[in-house]
Amino acid sequence: MKTEVYSWRVSRELKTGLEREARRCKMSLSAVLDLAAREWLSQRGADSEEAQRELHDAALACLGTFAGADRHRAETASRTVRDRLQRKYGR
């Protein structure tokens, strides 16, 4: 089910050509655009597991991880920040 909307400006010639091709193929313009986008992504390998793995590895290299003894750090982060601000600014 399509739920997202994306719009962009195109030249008159490109729009005319897309509409002509849609009529020729007995498809809606949105179906032609969807097909074109999917084919472009598949040619680039953007949907492949390997591409996703490479993106994930690149993100991990940038983000890193935190090491520490406090297993509940994420759960207590808000309280810890408030406590530190209270000590620093007395508010």
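**Exercise 1. Find how much accessible surface this predicted model has, and what share of that surface belongs to carbon and sulfur atoms.**

Solution. Start with the total: the accessible surface of the protein comes to about 9100 Å². Then take the share: carbon and sulfur atoms hold 53% of that surface. Now look at burial, where a residue needs under 20% relative accessible area to count as buried. Of the 91 residues in the protein, buried ones make up 5%.

**Exercise 2. List the secondary structure elements in order, then decide whether the protein is as compact as a globule or more spread out.**

Solution. Count the elements: there are four helices and zero strands. Reading from the N terminus, that gives α-α-α-α. Next, take the radius of gyration, which is 25 Å. For 91 residues the globule rule gives 12 Å, and 25 Å is well over that, so the protein is more spread out than a compact globule. To finish, check the spans: along its principal axes the C-alpha trace covers about 70 × 35 × 25 Å.

**Exercise 3. Classify the aromatic pair as stacked, tilted or edge-to-face.**

Solution. First, the structure holds one aromatic pair. Its partners are Tyr 6 and Trp 8, with ring centres 5.5 Å apart. Their planes meet at 45 degrees. Stacked needs under 30 degrees and edge-to-face needs over 60, so this pair is tilted. What about exposure? Tyr 6, with a relative accessible area of 68%, is exposed, while Trp 8, at 47%, is partly exposed.

**Exercise 4. Work out which helix has the highest mean pLDDT and which has the lowest.**

Solution. Begin with the whole protein: the mean pLDDT is 85, and 92% of the residues reach 70 or more. Now go element by element. Helix 1 (residues 12–24) has the highest mean, 95, and helix 3 (residues 49–63) has the lowest, 81. A word of care: where pLDDT is low, don't read the predicted coordinates in detail.

**Exercise 5. Place Arg 53 in the structure and say how far it lies from Ala 37.**

Solution. Arg 53 belongs to helix 3. Its relative accessible area is 47%, so Arg 53 is partly exposed. Along the sequence, Arg 53 and Ala 37 are 16 residues apart. In space, their C-alpha atoms are 22 Å apart.

**Exercise 6. Describe the backbone and surroundings of Lys 26.**

Solution. Find the spot: Lys 26 sits in the loop between helix 1 and helix 2 (29–44). Check the backbone: phi is positive, about 55 degrees, although Lys 26 is not a glycine. Last comes exposure: with 77% relative accessibility, Lys 26 counts as exposed.

Methods: Residues are numbered from 1 along each chain as its sequence is written. This is a predicted model: local features need pLDDT of at least 70, side-chain atom pairs count only at pLDDT 80 or more; totals for chains, interfaces and linings use all residues. Side-chain values use heavy atoms; hydrogens and water are left out. Helices (H or I, at least four residues) and strands (E, at least two) are DSSP runs, numbered from the N terminus. The radius of gyration is taken over C-alpha atoms; the globule rule is 2.2 Å times the number of residues to the power 0.38. Buried means under 20% relative accessible area, exposed over 50%, partly exposed in between (1.4 Å probe, protein chains only). Accessible areas come from the Shrake-Rupley method with a 1.4 Å probe; for residues, only the protein chains shown count as cover. Rings of Phe, Tyr and Trp (its six-membered ring) pair if their centres lie within 6.5 Å; planes under 30 degrees apart count as stacked, over 60 as edge-to-face and the rest as tilted. pLDDT is the predictor's confidence in each residue, from 0 to 100.
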